[in-house]
Amino acid sequence: MCLSACEHPRTHQGPAQRGLSPAFKRCCVGSEQKISEEPAALLYSSHCGGTSGIEAREPWRRPPVTLTSFITAARGAEDLLAVEIEALTGVRPRVVAGGASFDAPLGALYRVCAGSRIAERVLLTLGTFEAPDEDALYAGVRAIAWEQHLAPGKTLAIRATTSRSRLQPSHFIALKSKDAVVDTLRDARQRRPDIDPREPDVQLHVRIFRDRATVSLELASRPRPRRTRGSDQYPMSGGLASAILIHMGWPALAAQGAAFVDPLCGDGRLVIEAASIALQRRPERASLGLLSWSGHDADLWEEALAALGPQRPAQATILGSDPSGDQVEEARAAARHAGVADGVRLVRRDLADVSAPPGVGEGLVVTNPPYGQRLNEGGALGPLYAELGDRLKRGFPGWTAGVMTGNALLSKRVGLKASERVELSNGRVDCRLLVYPLREQAPAADEGPGWRKPSPDAGMLINRLRKNRTRIGKWARRGGVTCYRLYDADIPEYNMAIDWYDGAALIQEYQRPPRVDPQVAEIHLSDALQVVPEVLEIDPEQVFLRVRRRGGGAAGQYTRRGDGDGEQRQVQEGGLSFLINLVDYLDTGLFLDQRQIRAQLRELAGGRRFLNLYAYTCTATVYAAAGGASHTTSVDLSQTYLDWGGRNMALNGFDIDGRRHELIRADCGEWLRAHADRRYGLIYAAPPTFSRSRRADTFDVQRDHVQLIRAASRLLERDGVMIFSNPFQDFVMDHDALTGLDVTEITAAHLPRDFARTPKIFNAWRVTRSA
Ligand SMILES: C[S@@+](CC[C@H](N)C(=O)[O-])C[C@H]1O[C@@H](n2cnc3c(N)ncnc32)[C@H](O)[C@@H]1O
């Protein structure tokens, strides 16, 4: 029996750091039978890779011929797919990114269609040709003998993808290809075929890569996952879930009567696939286009189904639970649909209450928790991952755990040592399957989570945080400052900044120098995550984590990564209110280091017209308005930030109807050129170091500051003042090029006390017209 050949996950030493390992040969299918004698029911006289060589249908007389196909799978699961295909057919396919290229007779292809659990789609190649433009595409698709594939009365649909090619976009390619198919069939039959984009009998695919088109017919496909509204979970396809289970040795364990648990089962996909494998059921198919294909051979198909062997009676205990009752209902419906409802138990249960079923020695506990998919990690998900780690350790001694996640920051919170990290994609999300062998001995009920203890170094961090909290906290309270930098890499081992945002803490790890041992850095980051809530006396859900990466600035810096403004919270500064967001963006909406500059603007603003360039969330505008500015203009390239700025203004009682306060979406350089006739008594220009956008020229503060200061100063009233500030550490002011202006550095006088350790965090200048 093939299952005995499967290695146990904990003994497996395979090179599985990238992609699933092929070490489970033959454990993934029910039969080892090789195809020795191919039935001759085939369509083509030769390889069908091109548009020539296609002959009229005389299937029963032909010798066996080879068909070309492409079988898709989740990225990272390709090797395992290849092993599965070889086990099903005796033919080893060629592994390529995203699947396997398979040249084999129709019978072998049918066995893949019937038996592969990992394959997402089985695509029969009908033609490949150069398609540099639409005419070539049309001619290439027309050259395929469609009447040999599509019977009258069958509906069809075409999906297209394109990359690194001149032909764009994909829906145009689909449309053009559809025209070619329809025209060919209409010429042959004097009747147009029917198109059904939702549920076609035959789904065609056109893929263009580097100007070369591949046209294929989908013989079979797995059900696609659907995201449940309101759920944080990124559901998995059946193919991906199976790949994970097979990699973790589930087929062998199931045959031995082991148990399977998913404690955050969501839509139940892992549980359903675990049951399907345990029962040796045929893998679920969303569509079987082969049944509508003119070349279909019913006898061969029956043979392929028969080769899978009978279903096995249930032996394994398979449990899925989820804290959400709605999710459990959904999982139950999906299990019924998949025909495995009798083989699984699905219950509503909090994570804290899940443990191994009694009397079962070993098993697998595998789950796909929500990834958050946000730029920064925070909110409820950090504690959820920590709780998951604790539950695995306490509730499943001796088992093997698998956690699939698309969020590297969250995975750190599990707090267990992974024996494997397998790169896998869930749709477009790059994920990792983390495999944890769990110790035989669970910690005692009253024993603290020893595995989650801070390292001995953490004492230094605790002491420093306590000291800073007393010292800076006192200063902040006196000045009415509720958001401030509490810690700034004071201890070199803890290379991070910790900012206090009125009840929440944001931990930002600085770029790790190459000489720092990554493991030590991980331990120290984990220390911080544990000690910060304790020392600051806040709920762990109020701790947010961010890792700044080199090169992550500039282009990506001002892009929203999360999915909404639901995370906006209100904080106070200088008696004013501001909205911040600790989750979705690289910056929070309030630059704490610019606090004193803003206070200065408030002092200078009385009775003056105020211009805020690179206004961001208009915090400086709020200060100027509060200081009595007669009029304010805020210019920024981003509508998102201007909207945010508008909310900040409204929050403080300033009407943004455009009369007294105007928000303008524009490139500052262009706007200054177009409005040289305007006059302002106070200008604040605080650009980023570097900015690149489709809507504006590239801006580089070192290269372009003279031009910017000159252009802005032209709008200054005679006695007007401009404050220019930027965050470029190595900035050098080109005084010589700024004749006619008095430019004085004011950085030191405006560096807030909580940023004393990083005096280069910004540089600021007062600019006036020379007398
Ligand atoms: C570093 S922040 C500015 C900080 C802001 N002055 C403050 O003190 O809060 C960068 C802002 O510049 C904006 N920006 C970048 N390039 C721009 C351009 N060429 N024209 C207008 N705004 C731009 C971005 O949209 C973003 O809101």
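Which polar side-chain atom lies 2.8 Å from a nitrogen atom of the ligand? The legends below take up this question and then widen the view; please keep in mind that the model is predicted.

**View 1. S691 at the ligand.** The answer is found at S691, where a polar side-chain atom sits 2.8 Å from a ligand nitrogen atom. With the protein in place, 95% of the 600 Å² that the ligand exposes when taken alone becomes buried. S691 is also listed among the closest residues to the ligand.

**View 2. C668 and Y684, two further polar pairs.** At C668 the partner belongs to the backbone: one of its N or O atoms is 3.0 Å from a nitrogen atom of the ligand. Y684 brings in its side chain, with a polar atom 3.1 Å from an oxygen atom of the ligand.

**View 3. The shell around the ligand.** Here you can look at the whole surrounding set, which numbers 16 residues. The closest are Y614, D636, D667, C668 and S691. By residue class, the shell consists of eleven nonpolar, three polar and two charged members.

**View 4. The protein that holds this site.** Stepping back, the protein has 771 residues, and 56% of them count as buried. Its secondary structure comprises 20 helices and 29 strands. Among contacts with a separation of 6 or more, 73% join residues 24 or more positions apart.

**View 5. The protein surface.** About 32,700 Å² of the protein is exposed, and 47% of that area comes from carbon and sulfur atoms.

How values were computed:
Residues numbered from 1 in each chain as written. Predicted model: local features only at pLDDT ≥ 70, side-chain atom pairs only at ≥ 80, totals over all residues. Heavy atoms only, no water. Near = heavy atom within 4 Å. Polar contact = N/O pair within 3.5 Å; in protein donor to acceptor, adjacent residues only side chain to side chain. Areas by Shrake-Rupley, 256 points an atom, 1.4 Å probe, with all protein chains shown as cover. Nonpolar A, V, L, I, M, F, W, Y, C, P; charged D, E, K, R; others polar. Helix = DSSP H or I, 4+ residues; strand = E, 2+ residues; numbered from the N terminus. Buried < 20%, exposed > 50% of the residue type's maximum accessible area, 1.4 Å probe, protein only. Contact = heavy atoms within 4.5 Å.
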